[in-house]
Amino acid sequence: MKLTLDNPDRVAAPFGDRYAHVARVDLDGGALLVLAGQVGVDDDGRVIAPGDITAQSERIFDIVAGVLAAHGAGLADVLHIRSFLTDLDDLPGYAAVRRRLFPRTPPPASTTVEVSRLFLPGAVIEVEITAAVPARPPR
């Protein structure tokens, strides 16, 4: 087993370099990717569309797709989605984005919880992803 912590060039660096975007665990026959929680921010770390669950969800999954792509994966490789919403009444807007991006049946395993707030004002959702990908040659 080999562990790699990474911040791919394809996405903006994490806030203050306090964490890695992804932990990659290489195993026989593939790898497990555990992504840090992502919020809807622009490349300068500013929350996009404060309070807008749909716009922030779209941006989050753009970031997630970039992190996954940097490790030879895509949304089809997602095993589990953990979502933190500041208001569960926003769930329909988030669910519509998820249904479009994960049309397969069954969709990935999922956990969704309501939290009192997130670390950036205006952020209404944070998403963590776990994905599995087949083995690939080292970089």
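Are phenylalanine 61 and tyrosine 94 buried or exposed? Both are buried. The notes below build up to this pair and go beyond it. Keep in mind that this is a predicted model.

1. **The sheet.** Begin with the strands. There are 6 of them, and they form an open sheet. Read across it, the order is β1-β2-β3-β6-β4-β5. The pairing is mixed. The edges belong to β1 (2-6) and β5 (109-114). Each has a single partner strand, so one side of each lacks a neighbour in the sheet. From one strand to the next, the twist averages 10°.

2. **The β4 and β5 pairing.** Now look at one edge of the sheet. Strand β4 covers residues 78-85 and runs parallel to β5. The two are joined by 6 bridges. Take leucine 85 as an example: its bridge partner in β5 is glutamate 114.

3. **A helix on the sheet.** Helix α2 spans residues 91-101 and packs on the sheet. It touches β4, β5 and β6 (125-134). The direction of α2 makes about 160° with that of β4.

4. **The stacked pair.** The structure holds 2 aromatic pairs. One joins phenylalanine 61 and tyrosine 94. Their centres are 6.4 Å apart, with 10° between the planes, and the pair is stacked. Phenylalanine 61 lies in helix α1 (residues 53-69), while tyrosine 94 lies in helix α2. The pair therefore ties together parts that are 33 residues apart in sequence.

5. **The edge-to-face pair.** Phenylalanine 61 also pairs with phenylalanine 102. Here the centres are 5.6 Å apart and the planes stand at 70°, so this pair is edge-to-face. Phenylalanine 102 sits in the loop between α2 and β5, and phenylalanine 61 in helix α1. This contact therefore links parts 41 residues apart in sequence.

6. **The cluster.** Put these rings together: Phe61, Tyr94 and Phe102 form one aromatic cluster. How buried are the two phenylalanines? Phenylalanine 61 has a relative accessible area of 1%. Phenylalanine 102 has 6% relative accessibility, so it counts as buried too, the cut-off being under 20%.

7. **A buried glutamate.** Check glutamate 126 as well. This residue lies in strand β6. Its relative accessible area is 15%, so glutamate 126 is buried. Beyond its neighbours within four places in sequence, glutamate 126 has contacts that include Gly37, Gln38, Val39, Arg82 and Phe119. Alanine 23 is 103 residues from glutamate 126 along the chain, and their C-alpha atoms are separated by 17 Å.

Definitions and conventions. Residues are numbered from 1 along each chain as its sequence is written. This is a predicted model: local features need pLDDT of at least 70, side-chain atom pairs count only at pLDDT 80 or more; totals for chains, interfaces and linings use all residues. Side-chain values use heavy atoms; hydrogens and water are left out. Two strands pair if DSSP finds at least two bridges between them. Helices (H or I, at least four residues) and strands (E, at least two) are DSSP runs, numbered from the N terminus. Axes are lines fitted to C-alpha atoms, for helices over the stretch in contact, and angles run from 0 to 180 degrees between N-to-C directions. Contact means heavy atoms within 4.5 Å. Rings of Phe, Tyr and Trp (its six-membered ring) pair if their centres lie within 6.5 Å; planes under 30 degrees apart count as stacked, over 60 as edge-to-face and the rest as tilted. Buried means under 20% relative accessible area, exposed over 50%, partly exposed in between (1.4 Å probe, protein chains only).
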